[in-house]
Amino acid sequence: MAAFVAKQMVGNKLNAVKAGAVGGDGDNEDDKEKEEEAERERQEAIREAEERRKEKHRKMEEEREKMRQEIRDKYNIKKKEEIQEQPPEEPENPLMRKKKTPEELAREAEEADQDEFTKLKNTIETQVNELKSQIESKCSLQ
């Protein structure tokens, strides 16, 4: 169908060129109207062909799914749930990445500032403070 439409378009263009070269002074408006009508017909033909193609593929997919279901029924196989793929953490385009919240930025900066010794020191200080509070709660001054 597309080949037919293309041939028709080329033929119309050649006819228009021949008519202009031979000496067609008038009827430019008629030529424009004919060209517009031909373009509308061409667009309509393309749209109809696309609709037929989509319908054909929809029917084929229905038939395939019917066959799949028959096989599942025959072998007692449950249909798999459609799993949506998770997008990758880092998209390829850095301009399209998810924006970080201020809390996330602060936490990342804090983690970057701390090296191994600082982390160890903070852990020890936390444990010492916990022990101190436990001892103070058990001992009471009179």
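User: Which residues does Arg 72 touch, not counting those up to four places away in sequence?
Analyst: In this predicted model, Arg 72 touches Glu 65, Ile 77, Lys 78 and Lys 79, once residues up to four places away in sequence are left out.

User: And where does Arg 72 sit?
Analyst: Arg 72 belongs to helix 2, an element that spans residues 28-75 and is followed, after a loop, by helix 3 at 102-113.

User: Is Arg 72 buried or exposed?
Analyst: Arg 72 counts as buried, because its relative accessibility is 14% and the cut-off for that class is under 20%.

User: How much of the protein is buried overall?
Analyst: Of the 142 residues in the protein, 3% are buried, and Arg 72 is one of the residues that count as such.

User: Switching to Asn 76, which element or loop is it in?
Analyst: Asn 76 lies in the loop that runs between helix 2 and helix 3, and with a relative accessible area of 71% it is classed as exposed, since that class begins over 50%.

User: What about the backbone there, what is phi of Asn 76?
Analyst: The phi angle of Asn 76 is near 55°, which is a positive value in a residue that is not glycine.

User: Zooming out, how many helices and strands are there?
Analyst: The protein contains 4 helices and 0 strands, so that, read from the N terminus, the order of elements is α-α-α-α.

User: Last one, what does the protein expose in area, and how much of that comes from carbon and sulfur atoms?
Analyst: The exposed area is about 14,300 Å², of which carbon and sulfur atoms supply 54%.

Definitions and conventions. Residues numbered from 1 in each chain as written. Predicted model: local features only at pLDDT ≥ 70, side-chain atom pairs only at ≥ 80, totals over all residues. Heavy atoms only, no water. Helix = DSSP H or I, 4+ residues; strand = E, 2+ residues; numbered from the N terminus. Buried < 20%, exposed > 50% of the residue type's maximum accessible area, 1.4 Å probe, protein only. Contact = heavy atoms within 4.5 Å. Areas by Shrake-Rupley, 256 points an atom, 1.4 Å probe, with all protein chains shown as cover.
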